[in-house]
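Q: Could you take me through one part of this model up close? I'm in my first year, so plain language would be great.

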Amino acid sequence: MSTPRSSSTSSPPQIPQSLTLAHTASSTTSSSSASGMRDAAEDDSDSPPSQMSEDDPGGGGGEGDRWEPDLRGGNGGGGRWAPPDQVLENVLESVLEFLTAARDRNAASLVCRSWYRAEAQTRRELFIGNCYAVSPRRAVERFGGVRAVVLKGKPRFADFSLVPYGWGAYVSPWVAALGPAYPRLERICLKRMTVSDADLALVAKSFPLFKELSLVCCDGFSTLGLADIAERCRHLRVLDLIEDYLEDEEDEMVDWISKFPESNTSLESLVFDCVSVPFNFNALEALVARSPALRRLRVNHHVSVEQLRRLMARAPQLTHLGTGAFRSEAVPDGAMSVSELATSFAASKSLICLSGFREFNSEYLPAIYPVCAKLTSLNFSFASLTSEELKPIVRNCVNLRTFWVLDTVGDEGLKAVAETCSDLRELRVFPLDATEDSEGSVSDVGLQAISEGCPKLESILYFCQRMTNAAVIAMSKNCPDLVVFRLCIMGRHRPDRITGEPMDDGFGAIVMNCKKLTRLSVSGLLTDKAFAYIGKYGKLIKTLSVAFAGNSDMSLQYVFEGCTKLQKLEVRDSPFGDKGLLSGLNYFYNMRFLWMNSCRLTMRGCSEVAQQMQNLVVEVIKDHSDDEGESETVDKLYLYRSLEGPRNDAPPFVNIL
Amino acid sequence: MEATVDYMKAAEADNLLATELRLGLPGTSNDDHKATPPCTPRGKKRTAFDAAEDAAVEEVTNKHDDVEAAPPVAKAQVVGWPPVRSYRKSCFQQQQAKQISKPTSNNKEEAAAAPAPASNAATPSFVKVSMDGAPYLRKVDLRMYKGYRELREALEAMFVSSNNGGAANLSEFAVTYEDKDGDLMLVGDVPFEMFAGTCKKLRIMKRSEATGLGSPRQI
């Protein structure tokens with residue numbers, strides 16, 4: 001069951017034992033309500049995991065449904081005694097405080113009006129998986145006591161430059177609405193949204209109790225905005241900046257680290273490896289020294305090992321450390337020795353998660369040996385290690401659960417992982433050379449080895465150039481607990497390297513044998529057969545990513561008809577046309593979104609969807625080079641359910657049908 | 001904010017190749033990638049986030065019927081594939097830049113000045129591009145290009161292809177830029193990374209006006 005990563009919500013009030021509600025494990029499937037809203041939970045971040053339970057706030061009736069307080073009986077307000085309904089609501093609110101998972105809350109809100117009201121007043125975390133599915137005003141009107149807001153903006157394919165700049169997902173209207181409505185707001189998590197410095201300044205100003213800011217894959221802000229947050233949010237516990245794009249001009253950047261308050265801070269987590277501009281190290285050291293609660297620190301690559309040592313000395317209680325780089329800045333003679341650095345690591349007795357290593361001197365790698373045995377998470381995905389460099393390290397990492405690495409370690413390196421890390425749950429193998437024709441250093445051999453050595457594997461992301469059905473089938477049998485299976489064979493349409501067959505059987509085995517699978521990304525040469533398998537067996541799949549695959553519209557039909565839990569479908573460069581699109585008409589309301597680019601859609605098909613489905617927003621996104629004016633072919637389609645209708649901030653290249 | 005990159009085969013000064021930074025194993029070369037233009041030589045758009053897409057791009061249009069067939073013979077690279085985030089890609093360009101500049105710049109100051117672009121490689125760096133005679137300016141993101149050749153091709157695609165009836169390429173023009181000190185410089189003299197770090201805006205001027213710049217080396 002997913003829980004928010006950092007604890008920030010206020011504890012529920014004490015209530016008499018007889019009224020305690022048992023904490024339900026909400027894995028039950030909720031039947032779809034009349035408006036077709038379904039709930040989902042997933043983790044799609046491409047960064048160290050932050051469990052974000054996902055559910056839409058919708059589910060309580062259609063548009064225009066307003067709930068007025070229902071004070072029947074009594075003296076019409078200001079009575080000397082509370083009417084019975086009021087008592088019930090108070091009790092109900094106390095009880096519902098214990099429900100934390102949004103899925104449970106959505107279900108509770110559907111019971112009746114008083115439950116709806118009680119739930120709306122007691123929901124503390126508001127999760128909105130698509131910022132355009134509901135307007136800020138509406139959210140704020142329904143929920144009264146929100147303390148945390150999680151917002152997601154652009155579709156995931158924006159990460160791969162498929163969504164043009166300026167598409168949308170601005171957080172400004174949200175911040176403007178949240179400010180007056182929730183003065184006690186403590187936490188904001190944003191993913192793939194555009195955040196300006198002004199927005200950050202407004203956040204800092206609007207929420208005096210603000211504690212946690214987490215920005216993942218966001219853009220639009222700079223160190224100026226960070227300075228405002230640092231300076232004004234005196235209760236800040238978490239500042240996590242993960243894979244954001246900052247807009248700093250070299251000569252305009254601000255020394256934001258110096259802006260934290262002079263007194264002891266409540267900082268628990270400071271992650272800024274994506275803030276690539278240099279910063280004032282002494283200020284950071286001083287900040288760390290006066291932050292006794294600091295557990296997670298991830299610095300950028302402007303930190304040398306000498307400086308890292310100083311930081312570690314100031315914060316021996318760290319559990320998560322991102323080293324930034326891992327190299328010495330000193331002249332060769334004055335460089336720190338490995339053993340000195342190793343001493344620092346030995347002194348960090350609580351370290352369980354290591355990352356960074358962006359530019360590393362390999363002679364310093366042995367310094368981490370003292371902590372390897374306790375590590376549960378190791379991220380080498382920015383360090384081009386060879387298998388010889390990896391082996392001595394990973395041999396000690398017996399407790400590793402999460403491992404991110406570059407394919408430079410090769411199948412040999414993965415074999416070493418398989419030999420030692422029998423408890424591994426999550427593996428991600430990234431390509432050093434992310435081009436189609438690169439050599440590719442890992443293959444089916446590595447995958448097979450991992451499947452044999454790591455039977456508890458739950459999540460895998462694997463980039464390679466050569467793969468076989470046999471290896472994928474082996475993984476499907478050896479790792480039955482797989483929840484996330486993402487295989488990227490980088491060369492387009494590549495078949496099985498040994499048999500020359502399509503990869504249908506491999507992926508078919510995955511959906512057949514991995515009964516807990518909720519997320520799947522396919523690649524390689526695939527025919528409609530693969531999608532028939534997916535539709536037939538992929539009953540729990542919520543997220544499906546398809547690229548350069550399939551023969552015909554039947555593929556889409558199989559998926560829509562078969563994958564009853566489908567929430568997010570992203571497709572690119574596949575031969576699917578209007579017929580395939582229309583086969584999904586009955587299912588679009590159950591999904592968060594559908595993305596299709598470079599397929600064979602036409603305006604006619606998309607318009608038909610828009611006409612028939614009133615609660616869908618159908619966006620046709622054009623490339624700027626479309627000088628041909630109105631074209632029949634649709635290059636990018638993004639459709640999503642929404643309570644608000646067409647958004648009013650769409651740029652000219654977005655045509656909302 | 002977007003730049004059209006029309007990847008065309010072109011002659012290149014060999015000595016500039018050495019200073020170009022690229023991903024990939026030694027010996028591989030982008031010259032193998034020939035564009036397979038469909039009807040219109042449309043380039044795929046880049047977004048601001050695509051700071052370090054490491055190869056040229058060509059859109060696989062809807063009309064391209066290669067999906068059911070065997071892999072296309074001419075392997076034109078495609079936007080956003082393989083699906084690795086630009087953030088990750090740009091970190092490696094950063095690392096490569098630092099490794100290359102390392103032997104020459106152990107001195108901290110130089111490390112800050114010259115390969116400063118390396119540390120900023122993750123963030124887009126848009127500069128205005130003006131061309132004599134063109135009615136409006138454009139903007140390009142210097143982070144997107146690995147070398148002068150790519151930049152030239154991009155500029156050609158932007159300014160020369162269809163709009164300007166007469167010119168077929170940039171040989172009639174001199175590409176100049178304004179650096180941090182405000183001086184007008186000829187593009188092509190310094191290593192590309194250094195240029196990208198110091199260039200504030202680009203100006204394409206007619207050769208006839210570029211007197212006094214000596215015989216400009218073709219970029």
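What follows is a close look at one strand and then at some salt bridges.

Q: Please zoom in on strand β19 of chain A: which strands does it pair with, and is it buried or exposed? After that, which charged side chains meet in salt bridges?

A: Sure! Keep in mind that this is a predicted model. Strand β19 of chain A covers residues 616–621, and 6 of its 6 residues are buried. Look at the two faces of the strand in turn. One side carries A:Leu616, A:Val618 and A:Val620, the other carries A:Val617, A:Glu619 and A:Ile621, and every one of these residues is buried. So both faces of β19(A) are covered.

Now for the neighbours. Strand β20 of chain A, residues 636–641, runs antiparallel to β19(A), and 6 bridges join the two. If you want a spot to find on screen, A:Glu619 sits opposite A:Tyr638 of β20(A). Strand β21 of chain A, residues 654–656, also pairs with β19(A) in the antiparallel sense, this time over 3 bridges. There, A:Ile621 has A:Val654 of β21(A) as its bridge partner.

On to the charged side chains. The whole structure has 39 salt bridges over all chains. In one of them, A:Glu119 and A:Arg123 meet with N and O 2.8 Å apart. A:Glu119 counts as buried because its relative accessibility is 0%, and A:Arg123 counts as buried because its value is 1%. Another salt bridge links B:Arg85 and A:Asp159, at 2.7 Å from N to O. B:Arg85 lies in the loop between α1 (14–17) and α2 (86–101) of chain B, while A:Asp159 lies in the loop between β2 (148–152) and α5 (172–181) of chain A, so this pair joins two chains. Both B:Arg85 and A:Asp159 are buried.

A:Arg572 and A:Asp573 form a salt bridge too, with their closest N and O atoms 2.8 Å apart, and both of these residues are buried. For something with more members, try the network of salt bridges that links A:Arg401, A:Asp423, A:Arg425, A:Lys456 and A:Glu458.

One last thing about confidence. Chain A has a mean pLDDT of 87, and 85% of its residues reach 70 or more. Residues 1–79 of chain A, though, stay under 50. Where pLDDT is low, the predicted coordinates should not be read in detail. The model does show 171 contacts beyond four places in sequence for residues 1–79 of chain A.

Definitions and conventions. Residues numbered from 1 in each chain as written. Chains lettered and ligands numbered in written order. Predicted model: local features only at pLDDT ≥ 70, side-chain atom pairs only at ≥ 80, totals over all residues. Heavy atoms only, no water. Salt bridge = Lys/Arg side-chain N within 4 Å of Asp/Glu carboxyl O. Buried < 20%, exposed > 50% of the residue type's maximum accessible area, 1.4 Å probe, protein only. Helix = DSSP H or I, 4+ residues; strand = E, 2+ residues; numbered from the N terminus. pLDDT = per-residue confidence, 0-100. Contact = heavy atoms within 4.5 Å. Pairing = 2+ DSSP bridges.
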